[in-house]
Amino acid sequence: MSLKRTLGTCYYPEHWPEEIWAEDAARMADLGLTWVRIGEFAWSRLEPAHGDLRLDWLERAIDTLHRAGLKVVLGTPTATPPRWMLDRHPDMLAVDADGRPRGFGSRRHYCFSHDGYRAEALRITAILAKRFGPKVEAWQTDNEYGCHDTILSYSDAARHAFRDWLAQKYQSPEALNRAWGNVFWSMDYDSFDQIDLPNLTVTEPNPAHTLDFRRFSSDQVARFNAGQVAAIRAHSTAPISHNYMGRIVEFDHFTLGRQMEIATWDSYPLGFLEDRLEEPPEVKRHYARQGDPDFQAFHHDLYRAVAAQFPSGDLPRWWVMEQQPGPVNWAPHNPAPAPGMVRLWTWEAFAHGAECVSYFRWRQAPFGQEQYHAGLLRPDSVPAPGYHEAAEVARELATAPMVEMAQAPVALVFDYASAWAWAVQPQGQGCDYFRLVFEIYRGLRKLGLSIDILPPDTARLNGYRLVLVPAVVTLSEPLKRALAMTGAQVLIGPRSNAKTAALSIPLPLPPALPGLDVTVSRVETLRPDMPLPMAGAGHVTLWREELEGGAEVLDRDADGRPVTMRAGNLTYLGGWPDPAFLRHLVIRACDAAGVATLDLPPDIRVRQAGKTRFVFNHGPGPVTFDGVTLPPAGVLRQGPA
Amino acid sequence: MSLKRTLGTCYYPEHWPEEIWAEDAARMADLGLTWVRIGEFAWSRLEPAHGDLRLDWLERAIDTLHRAGLKVVLGTPTATPPRWMLDRHPDMLAVDADGRPRGFGSRRHYCFSHDGYRAEALRITAILAKRFGPKVEAWQTDNEYGCHDTILSYSDAARHAFRDWLAQKYQSPEALNRAWGNVFWSMDYDSFDQIDLPNLTVTEPNPAHTLDFRRFSSDQVARFNAGQVAAIRAHSTAPISHNYMGRIVEFDHFTLGRQMEIATWDSYPLGFLEDRLEEPPEVKRHYARQGDPDFQAFHHDLYRAVAAQFPSGDLPRWWVMEQQPGPVNWAPHNPAPAPGMVRLWTWEAFAHGAECVSYFRWRQAPFGQEQYHAGLLRPDSVPAPGYHEAAEVARELATAPMVEMAQAPVALVFDYASAWAWAVQPQGQGCDYFRLVFEIYRGLRKLGLSIDILPPDTARLNGYRLVLVPAVVTLSEPLKRALAMTGAQVLIGPRSNAKTAALSIPLPLPPALPGLDVTVSRVETLRPDMPLPMAGAGHVTLWREELEGGAEVLDRDADGRPVTMRAGNLTYLGGWPDPAFLRHLVIRACDAAGVATLDLPPDIRVRQAGKTRFVFNHGPGPVTFDGVTLPPAGVLRQGPA
Amino acid sequence: MSLKRTLGTCYYPEHWPEEIWAEDAARMADLGLTWVRIGEFAWSRLEPAHGDLRLDWLERAIDTLHRAGLKVVLGTPTATPPRWMLDRHPDMLAVDADGRPRGFGSRRHYCFSHDGYRAEALRITAILAKRFGPKVEAWQTDNEYGCHDTILSYSDAARHAFRDWLAQKYQSPEALNRAWGNVFWSMDYDSFDQIDLPNLTVTEPNPAHTLDFRRFSSDQVARFNAGQVAAIRAHSTAPISHNYMGRIVEFDHFTLGRQMEIATWDSYPLGFLEDRLEEPPEVKRHYARQGDPDFQAFHHDLYRAVAAQFPSGDLPRWWVMEQQPGPVNWAPHNPAPAPGMVRLWTWEAFAHGAECVSYFRWRQAPFGQEQYHAGLLRPDSVPAPGYHEAAEVARELATAPMVEMAQAPVALVFDYASAWAWAVQPQGQGCDYFRLVFEIYRGLRKLGLSIDILPPDTARLNGYRLVLVPAVVTLSEPLKRALAMTGAQVLIGPRSNAKTAALSIPLPLPPALPGLDVTVSRVETLRPDMPLPMAGAGHVTLWREELEGGAEVLDRDADGRPVTMRAGNLTYLGGWPDPAFLRHLVIRACDAAGVATLDLPPDIRVRQAGKTRFVFNHGPGPVTFDGVTLPPAGVLRQGPA
Ligand SMILES: [Zn+2]
Ligand SMILES: [Zn+2]
Ligand SMILES: [Zn+2]
């Protein structure tokens with residue numbers, strides 16, 4: 001299975017004089033780009049007043065790009081409603097958890113639950129689809145759902161929609177009271193109209209209340225996007241995409257993956273390292289010009305899984321829609337990438353199966369919020385360092401354009417609903433779902449493994465030899481059946497199958513897995529400075545479960561208490577493993593599964609793409625691995641092209 | 001003097017099917033429990049709609065418990081008004097200092113100043129008192145006043161009540177202006193209706209303004225509780241209690257102590273260590289599974305003093321109403337207690353004079369906000385570790401049920417109004433009243449002393465040999481007289497008698513104690529990293545006073561400036577002592593007073609209960625003391641039972 | 001050029017019984033004071049109800065001071081509008097960035113944009129000017145503009161005034177859209193009435209939007225002050241002043257300097273060290289009783305420059321209006337000054353050209369917000385330690401009253417608008433304009449240099465041998481011309497001339513200085529833990545620019561990339577220098593300029609005042625310099641008096 005690799009960029013013709021469009025297009029083609037994304041922030045220029053449509057300039061821009069041989073992804077401009085929209089819908093703004101409306105003046109200033117704004121978004125989408133549907137090669141809906149913490153809104157629109165959503169789900173207040181356990185503190189409701197959003201309570205609200213609000217909020221995104229998709233499909237057969245972000249877990253991306261042909265994401269390795277990872281300062285310093293060595297890979301694998309949800313017989317289609325090409329402007333600190341990293345990031349995406357890597361943006365903007373965000377060109381149109389690295393990739397691609405892909409030996413289940421459940425009820429500071437899953441992913445990668453990520457309703461595990469199901473708070477029925485039937489080694493826990501769908505503690509106590517006589521009798525959370533030593537390597541930290549039952553004990557802590565217990569191919573893990581304990585767990589599981597592991601130097605990562613193995617040096621110095629010395633930012637391609 | 005010791009638990013019949021009530025009751029009796037507290041969160045089930053009373057189930061629950069031989073404490077459910085209450089009184093919510101109403105969805109969502117809600121609280125109290133007054137063995141008003149920072153409310157109801165309170169106190173705006181010194185920044189008022197609550201000012205409000213708001217807020221709690229007490233007394237002769245919390249100083253507990261027969265408190269040693277103590281991380285780690293070695297003892301002594309305010313010739317009656325039996329859910333980190341600690345905590349309460357220790361809760365709840373809060377039973381009704389420790393105490397009590405009590409040799413004055421004064425005008429970060437008094441209490445305990453806590457209006461000091469009066473900002477007339485007359489050694493200061501009742505600086509300058517020629521000529525606060533070395537042991541830190549006058553200088557700092565000065569039995573301390581200087585001060589004072597001190601190992605604490613001495617090992621390892629080796633969580637009982 | 005030095009104090013007759021005024025005045029005169037500032041917080045006593053004027057007591061107070069031979073500075077009381085003002089103008093309050101009105105109960109609770117309040121302020125100013133204009137020796141407008149973060153207000157009044165200001169500036173929404181680059185995220189406006197204040201947006205607003213709001217806010221202060229100045233001038237020929245604060249950069253002080261004869265500032269060395277400097281804890285501890293060794297000097301030089309803006313042929317007149325005389329009450333920690341520091345601070349001000357140093361305050365207030373703020377007298381009227389140091393200065397002055405002044409060899413440009421630009425668009429945490437300029441100032445001082453600060457529109461650099469222009473984001477035309485013509489050594493950058501007036505990136509790229517072939521091709525910001533080593537001494541930290549061009553490279557980083565480049569006397573600096581690199585830069589520049597540097601011990605600073613050299617020991621221990629040992633707080637005066 002393979003797919004042709006391409007490069008692209010993001011272009012804003014509305015930012016530049018029309019006189020230079022043709023030259024820009026020619027330079028893009030000359031650089032070896034295939035795709036150009038346009039239009040996603042241009043609403044005020046497409047419709048400067050309600051109903052006053054100015055689409056001609058966009059058509060001329062598309063035509064100009066086409067004439068240069070480029071393909072166009074057209075974005076719906078709904079992430080940036082113009083100022084006049086607020087006059088029509090003054091209550092369309094999202095509201096933050098403190099009750100403050102999130103005003104006009106930047107972007108994403110809308111509440112997903114506002115029907116008036118949603119109708120406007122569908123209207124402009126339909127207008128664009130009708131006019132450009134026959135013309136463009138692909139679509140993007142909106143831009144970066146969830147960026148700037150924009151999924152959860154505490155607006156009146158959200159309040160009313162949430163009540164409707166609850167009424168649909170529970171049918172009666174009594175049923176809701178039972179499901180949520182509202183008897184607990186006299187929190188019973190007589191009517192759905194009494195239910196407020198779960199912000200600004202005296203102490204924490206009922207976790208079942210908050211979890212339902214999280215589910216509702218995710219559903220609102222899916223509903224909003226589905227509307228745009230339908231509006232486009234009415235007029236266009238071109239594939240549709242959305243550009244996701246890094247570590248946004250507030251909505252279920254798999255649901256959106258089912259709606260659209262292509263999943264894309266916006267990869268900013270240096271910004272993300274600084275602003276959304278728990279790594280200690282010395283690690284952030286070590287990788288300040290390289291980015292975290294696993295964060296991009298994780299999202300490549302995650303969004304490949306999201307793309308795979310679209311019902312089609314083909315390979316999952318996923319892209320990097322925005323690839324950082326130089327310093328950005330929005331992180332706490334914004335260094336320049338080390339030389340070669342733009343090329344490395346591009347090849348890493350291809351190694352994980354990307355169809356296209358598109359650089360954000362063509363030319364650095366001299367005005368607006370992102371003036372210090374590099375482009376392929378400087379503001380004075382001189383090529384920036386990233387341009388030259390993109391050109392190098394383009395030359396390399398010319399002789400080896402195909403992506404090979406194959407199922408990985410290891411599968412890791414990722415579940416957005418569990419991220420919400422942990423956030424709603426962390427039980428201890430630092431107990432975060434994404435963090436735990438990502439630490440496990442990193443542990444797998446450090447042992448040279450290639451990984452497929454799977455959604456939580458996965459029904460078939462065929463072909464995998466090792467399956468990890470950490471922290472999935474409520475197992476779906478399909479996954480339960482698949483786990484019961486698989487011959488793969490399964491490592492499950494901690495906190496897996498720990499809760500009912502209403503986030504209460506089930507009886508019998510967790511994990512209640514068929515055939516596995518293990519009971520979590522008690523849960524405790526630990527200060528980060530008091531990790532519990534294992535009898536063998538490493539520690540359990542942050543989250544620890546006391547295990548009982550007749551299953552075989554595999555690992556014990558230094559006090560002799562069981563930490564992992566096994567029945568057949570199923571191993572339950574009763575705690576948050578530190579890197580050393582995790583390494584031990586993975587090596588043992590891989591040995592049992594017959595999966596080879598590698599002893600990688602710290603900065604090295606590999607990715608097996610079919611018969612090709614890619615080796616990447618993410619560190620600031622040269623590293624020797626397998627007899628070969630990779631320079632900083634080095635990329636090694638082994639096996640058939 | 002002695003009292004029979006008992007055990008109890010907190011039970012929520014409304015959370016469980018009625019079918020299992022009888023078995024639960026039988027198991028409680030079998031475990032050796034005497035008391036069961038019920039009802040305090042059940043309003044929505046007692047009155048699902050206004051006036052629709054459903055009291056029969058509660059009667060059946062009480063009867064079931066009675067049939068098993070258990071005694072019942074009935075709580076008024078006013079900490080959890082049902083949702084319909086908000087429809088009747090939309091403005092009943094407390095408002096936080098940022099001006100945001102504190103909404104429905106958890107508990108304690110009421111403003112003490114709201115007369116409409118207060119009337120509803122009195123109504124339900126009267127209904128319960130009338131129905132169950134002849135039946136139950138004790139009462140509890142409301143639940144944990146002040147928990148979740150619920151004393152200070154910035155609502156309209158509070159604003160109007162504060163104005164009335166000020167009008168009563170000052171009679172004229174001119175008198176208020178004079179008392180507050182409103183001339184300072186043109187802050188004069190022409191009318192009480194112009195006075196706002198002291199939040200959201202540009203910079204700090206007048207400290208006299210804020211202090212009066214603190215006094216008012218405390219008075220509102222006393223008024224609210226007094227109403228409930230009167231409503232109960234109209235129908236019941238059973239003793240009344242309230243369950244206080246740890247380190248809540250926003251209202252004057254002594255005032256409430258005068259209203260009710262029994263003082264109880266809710267003791268969560270592990271949660272409190274994590275979320276409300278200034279100890280450094282390594283200390284929190286050391287005691288993570290034991291709790292602070294002095295925090296519980298302090299509150300035992302404090303609430304014994306609160307209980308002693310009730311006018312009665314008997315021993316003060318105080319309980320632990322909620323004893324942590326395992327991990328809790330609400331602290332930053334929630335580890336399990338070390339084995340034996342539940343037993344130790346129970347015996348420690350008895351050693352300080354507790355009549356009853358009641359475990360919270362009988363069975364871990366599978367729903368609602370406290371799912372990971374342990375009970376004596378697990379959610380599946382299997383005994384949890386705490387159950388077995390409670391059973392051990394029950395067996396031990398069976399042969400030695402009596403509490404011996406006697407006056408301690410050392411008295412420590414505790415004054416809620418001083419906590420407010422320090423909070424309003426700390427003069428330096430970290431200068432907190434509770435912190436200073438608790439550090440002094442800890443210093444006394446580390447020298448093996450048993451302590452009585454006294455209220456600030458104490459008029460007689462008979463029987464004490466050492467009296468400490470740290471940081472009492474304004475001395476009451478009775479206490480001034482008692483100090484003048486006592487033959488005990490008195491250690492007073494820093495910042496004692498430093499302010500007028502209006503929180504201004506008095507003339508002559510402080511401390512203005514008769515017979516003591518000492519003047520605090522200047523006050524400074526110090527960075528925590530710049531403690532001032534003493535000429536002898538230790539340092540002064542955080543708060544330092546410059547002392548003048550003819551009194552004898554006892555201690556000087558390394559620069560020769562006086563830090564303590566004495567006349568007769570009265571010693572003034574002009575700074576915040578660190579542990580080493582404090583130890584020196586206490587040993588010298590005890591020597592002068594003829595009180596013996598002990599050289600305790602760090603984790604050991606003792607409590608003299610009449611002729612019985614209890615020794616407790618609060619540390620994670622075995623400790624040898626006085627020739628005996630105590631295991632971790634060890635409890636040693638010496639002398640007559 | 002020289003000026004007579006005097007001392008003064010701040011006095012609040014309204015705080016004390018009239019009976020003691022005369023004695024207070026006599027004691028002031030006896031101490032050797034010349035000036036007394038009064039009245040600035042007394043509005044509620046001057047006009048207890050609207051129109052009810054009570055000016056007689058103030059006249060008696062002035063007369064009493066005059067009779068003792070003292071001169072009076074009368075403050076307009078507009079920083080503390082009385083409570084009745086709010087009834088007349090309920091919407092006069094400033095609003096914070098979270099949208100909360102900043103209420104009555106302290107001071108500065110007004111919005112500069114509120115026309116109703118502004119009219120009241122002008123009214124009371126005119127009343128005072130008319131009554132006391134012929135009588136008082138000087139005026140002060142308002143008090144400490146900007147203290148408590150009071151320049152930026154998000155009120156309705158500010159919103160409407162901002163729209164008018166924008167309409168005046170841009171004339172059409174289209175012009176504004178072009179200037180701001182509103183096409184960027186569809187942020188175009190159709191009308192000025194659609195433009196909101198730049199708070200509470202979803203993510204950062206357009207930096208051009210925020211910068212214009214900053215400019216507008218500064219203009220509002222200038223407008224407010226100009227009104228008062230005009231009201232006073234109508235009735236009085238006495239000089240007018242305002243008392244600025246330390247590190248307040250939210251309005252352009254040079255603009256106000258053009259309005260008034262005298263610039264004063266309020267110097268609180270210990271409070272400022274604690275609450276507004278980035279120094280690490282060990283430095284704050286080292287100087288806890290001394291204050292930062294450069295912060296006062298910087299502001300002396302800055303406000304001398306502000307005073308120099310007033311069109312007059314005379315020496316610039318500047319004072320310290322409030323000199324810290326002991327511990328204050330408002331910093332995180334409030335230690336007492338080391339003995340001698342009050343004298344040192346006073347002499348340091350004189351060495352920098354102060355005409356008067358006035359101690360705040362005469363007597364410590366026993367009530368209100370500043371009870372623990374020392375005065376020259378204690379609350380009981382006994383002299384406090386600061387009194388004796390002031391007396392010592394008075395004795396010293398008696399024999400040497402004249403201040404000598406001369407142009408310094410080194411000039412440093414300071415630009416408030418650049419402070420706003422950096423704050424609006426820092427591009428990295430810690431990248432703050434004041435911090436960078438102050439670090440450079442400190443570097444100059446550590447080499448013994450005396451410095452003149454210049455405004456950003458300086459047109460003549462005659463007489464200077466070294467001129468530093470760091471971080472001035474947009475160079476004014478006069479300064480560009482002056483730099484092109486000067487024969488002085490010029491050190492410019494980083495980020496100098498980096499932006500257009502609309503805060504966009506200019507073409508050609510910066511710095512675009514005539515004759516200097518240097519281009520900043522890329523900007524990056526660095527984690528503070530990753531300074532870039534230079535090939536020679538020191539590092540570049542936080543902010544780094546990549547430089548291209550044909551100019552001579554003076555310094556390279558360890559990787560060989562240019563950091564400074566030169567053409568003739570003009571050197572461009574492409575990064576934020578650490579102290580070691582800065583020292584190297586300054587020494588080289590001074591060598592080239594023929595300016596001598598000194599190798600000062602760490603705690604020593606010098607100031608050349610004409611032919612007199614002052615040497616100050618800012619450290620806690622004795623220091624030997626130039627063969628003389630200065631005790632702690634030592635002041636050495638060398639050369640002709
Ligand atoms: Zn983006
Ligand atoms: Zn409780
Ligand atoms: Zn001041």
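A residue is taken as buried when its relative accessible area is under 20%. By this cut-off Glu144(B) is buried, because its relative accessible area is 3%. Glu322(B) is likewise buried, with a value of 3%. These two residues make a good starting point for a tour of this predicted model, since together they hold a metal: the zinc ion (ligand 2) is coordinated by Glu144(B) and Glu322(B) through their OE atoms, at 2.1 to 2.3 Å. The pair brings together distant parts of the chain, with Glu144(B) in the loop between strand 5 (138-140) and helix 6 (156-170) of chain B and Glu322(B) in strand 8 (residues 317-323), 178 residues apart.

Chain A also has a zinc site. Here the protein donors of the zinc ion (ligand 1) are the OE atoms of Glu144(A) and Glu322(A), which lie 2.1 to 2.3 Å from the ion. Glu144(A) belongs to the loop between strand 5 (138-140) and helix 6 (156-170) of chain A, while Glu322(A) sits in strand 8 (residues 317-323), so the two donors tie together parts that are 178 residues apart in sequence. Glu144(A) counts as buried, with 3% relative accessibility, and Glu322(A) is buried with a relative accessible area of 3%.

Chain C completes the description of the metal sites. The zinc ion (ligand 3) has Glu144(C) and Glu322(C) as its protein donors, again through OE atoms and at 2.1 to 2.3 Å. Within chain C, Glu144(C) is found in the loop between strand 5 (138-140) and helix 6 (156-170), and Glu322(C) in strand 8 (residues 317-323), a separation of 178 residues. Both Glu144(C) and Glu322(C) are buried.

It is helpful to set these sites beside the database record. For chain A, an unreviewed UniProt entry lists residues 10-398 as "domain: Glycoside hydrolase family 42 N-terminal". In the model, this span of chain A is 41% helix and 9% strand, and its end C-alpha atoms lie 21 Å apart. The unreviewed entry also places a "binding site" annotation on Cys111(A). Cys111(A) is located in the loop between helix 4 (83-88) and helix 5 (115-132) of chain A. With 2% relative accessibility, Cys111(A) counts as buried. Leaving aside residues up to four places away in sequence, Cys111(A) touches Met92(A), Leu93(A) and Ala94(A), as well as Ser153(A), Ser155(A), Ala157(A) and Ala158(A).

The arrangement of the chains comes next. Two copies of a chain are related by a rotation about an axis and a shift along it. For chain C and chain B, a turn of 120° with a shift of 0.0 Å along the axis lays one on the other with an RMSD of 0.0 Å. This is the relation of a three-fold axis. Asp98(C) has the C-alpha nearest the axis in chain C, at 5.7 Å from it. Chain A is superposed on chain B by a rotation of 120° with 0.0 Å of shift along its axis, at an RMSD of 0.0 Å. Among the residues of chain A, Asp98(A) comes closest to the rotation axis, its C-alpha being 5.7 Å away.

Turning to the interfaces, chain A contributes 46 residues to its contact with chain B, and chain B contributes 56. About 4500 Å² is buried between chain A and chain B, with 54% of that area on carbon and sulfur atoms. On the chain A side, the residues that lose the most area to chain B are Phe184(A), Trp185(A) and Val202(A), which together account for 18% of what that side buries. This interface of chain A and chain B also holds 5 salt bridges. One salt bridge joins Glu274(B) to Arg527(A), with the closest N and O atoms 2.9 Å apart.

Between chain C and chain B, 56 residues of chain C are in contact with 46 residues of chain B. The two chains bury about 4500 Å² between them, and carbon and sulfur atoms give 54% of this area. In chain C, the most area is lost to chain B by His333(C), Gln369(C) and Tyr372(C), together 17% of what that side buries. There are 5 salt bridges between chain C and chain B. Arg378(C) forms a salt bridge with Glu548(B), and the closest N and O atoms of this pair are 3.0 Å apart.

Technical notes
Residues are numbered from 1 along each chain as its sequence is written. Chains are lettered from A and ligands numbered from 1 in the order in which they are written. This is a predicted model: local features need pLDDT of at least 70, side-chain atom pairs count only at pLDDT 80 or more; totals for chains, interfaces and linings use all residues. Side-chain values use heavy atoms; hydrogens and water are left out. Donors are N, O and S atoms within 2.8 Å of the metal (3.2 Å for Na, K and Ca); water is not among the atoms, so sites may look incomplete. Helices (H or I, at least four residues) and strands (E, at least two) are DSSP runs, numbered from the N terminus. Buried means under 20% relative accessible area, exposed over 50%, partly exposed in between (1.4 Å probe, protein chains only). UniProt positions are given in the numbering used here, feature names are shortened, and annotations may be inferred rather than shown by experiment. Copies are superposed by least squares on the C-alpha atoms of residues with pLDDT of at least 70 in both. Contact means heavy atoms within 4.5 Å. Buried area is the accessible area (1.4 Å probe) that two parts lose on being put together, summed over both. A salt bridge is a side-chain nitrogen of Lys or Arg within 4 Å of a carboxyl oxygen of Asp or Glu.
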